[in-house]
Amino acid sequence: MTDSDRNRPTQSIGVFRAEHLRVVNGANQGDGLGPADDLMLDDIYRLSPLAVQVPLGLVIQAEAPFRIARDSQTGAAGADIHLDCCVTFMSGDGQTTECLVLVETDSGGDIASVYVLPLAPLDPRVDYALVGINPDTALRKFAQVACVSFTRGTMITLASGQQTPVEALSVGDRVLTRDDGAQQVRWIGHTTTRAVGAFAPILIRAGTLHNTGDLLVSPDHRLFIYQRTDKLGAGRAELLVKARHLVNGTTVTRLYGGFVDYFQMLFDHHQIIYAEGIAAESMLVDTLTRAALPEELDDRLAALLSGHSDGSLLEIEVQESLLSRPDVAELLRKSSGG
């Protein structure tokens, strides 16, 4: 782990160890899920009933591969992590489930561990046939998980003060930002996905953080909190907090089931904007999330997104250990003046 890694953005994901997802019938019978080159289509897999998802912390570097974060609860700190492939399983009822295969390598470049990131829940009582192996889509799928997104109907504050649903915004519209006043939207992304697993959105009920309406966002969407008093013990007034760390089962919940429309907003710089009356981040482009952008935007990225290399906003993100308490949402509401 280098000193420069300490200031890079990190991503924590819940993974299974590959040995807990084994072939119960097929050419690789008895083997755990492995890299693309070792897999055989039509093998039947089953998740161990003892399997639990463990947190894997990743440092998002300027270029692939990623690196295991120094405070990760899984893997060797500083080891390289490669996004090997995206696999597709089919259950007996015809339902498909995608998983990402991540490979940890040692200093000699040899495989040390393999992990599975399910993009939808896996049931240990169900057999899954391997029907797809794609090494080319893993980064894009991972980027879609990592992108901060608002859901259809979220009211965004324009520079004029007008409230507009995110789906009604257009490129060129001027949105109110916390630090740079009125800023033009440079790109708007839209994806529709099943609200399962890593894609299930977080609902923050109206009033929970002084929001005027219900706020429904992607799990890793960071909200900006200004503490009048440091009740959290973060040692600073300005905080960025991921929505999923606020889940308490009552005022902040995760919504599973059906489909969700996600919208991403891109500005010249990573910005704090206002959604349902509270401050939240816009899309940050880095090595990971860049893969979610359309190819036609690539030619303009260098000039358009130079400001995204400034990680000043990320320096105020709250470490997860300070948020592992059931009353954290209420604590932040009170600390910010409520």
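Analyst: A strand here is a DSSP run of E over at least two residues, and strands are numbered from the N terminus. Keep in mind that the model is predicted. With that, we can place Ser107: the loop between β7 (96–105) and β8 (111–118) holds this residue.

User: Why is Ser107 called exposed?

Analyst: The cut-off for exposed is over 50% relative accessible area. Ser107 comes out at 84%, so exposed is the right word. As for its surroundings, the C-alpha of Ser107 is 9.6 Å from that of Gly78, with the two positions 29 residues apart along the chain.

User: And what makes Ala206 partly exposed?

Analyst: Partly exposed covers the range between the 20% and 50% cut-offs. Ala206 has 42% relative accessibility, so it falls in that middle class. You'll find Ala206 in the loop between β16 and β17. Leaving out residues up to four places away, Ala206 touches Asn211, Thr212, Gly213 and Asp214. Gly277 is 71 residues from Ala206 in sequence, yet the two C-alpha atoms are 9.8 Å apart.

User: Thr88 next: why is it called buried?

Analyst: Buried means under 20%. Thr88 has a relative accessible area of 19%, so it counts as buried. Thr88 belongs to strand β6 (residues 80–90). Beyond its neighbours within four places, Thr88 has contacts that include Thr96, Glu98, Leu130 and Val131.

User: How do you know how many disulfides there are?

Analyst: The whole structure was searched, and the count is 0. A pair would need its sulfur atoms within 2.5 Å. For Cys99, the closest cysteine sulfur is in Cys86 at 7.9 Å, so that is too far for a bond. Cys147 also has Cys86 as its closest cysteine sulfur, but at 16 Å, so no bond there.

User: Why are Cys99 and Cys147 classed as they are, buried or exposed?

Analyst: Set the values against the 20% limit for buried. Cys99 has a relative accessible area of 0%, so it is buried. Cys147 has 3%, so it counts as buried too.

User: Which face of α3 do its buried residues line, and how do you know it's one face?

Analyst: The buried residues in α3 are Val328, Ala329, Leu331, Leu332 and Ser335. Looking down the helix axis, they fall within an arc of 160°, so they line one face. What that face meets is β18, β19 and β20 (252–254), against which the buried residues pack. After α3 comes Gly337, with a positive phi near 115°.

User: What makes a group of residues the largest nonpolar core here?

Analyst: Its members must be buried nonpolar residues joined through side-chain atoms within 4.5 Å. The largest such set has 34 residues, and Phe150, Ile156, Met265 and Leu332 have the most contacts inside it. Elements that each supply at least two residues include β18 (222–226), β21 (259–266) and α3 (328–335). The most comes from α3, with 4 residues. There's also a second, separate core of 24 residues, with Ile13, Val54, Tyr115 and Leu117 among them.

User: How do you know where to be careful with the prediction?

Analyst: Look at pLDDT, the predictor's confidence on a scale from 0 to 100. The chain average is 88, and 92% of the residues score at least 70. Residues 1–5 have pLDDT below 50, although the stretch has 9 contacts in the model beyond near neighbours in sequence. Where pLDDT is low, predicted coordinates should not be read in detail.

Key. Residues numbered from 1 in each chain as written. Predicted model: local features only at pLDDT ≥ 70, side-chain atom pairs only at ≥ 80, totals over all residues. Heavy atoms only, no water. Buried < 20%, exposed > 50% of the residue type's maximum accessible area, 1.4 Å probe, protein only. Contact = heavy atoms within 4.5 Å. Arc of directions from axis to C-beta.
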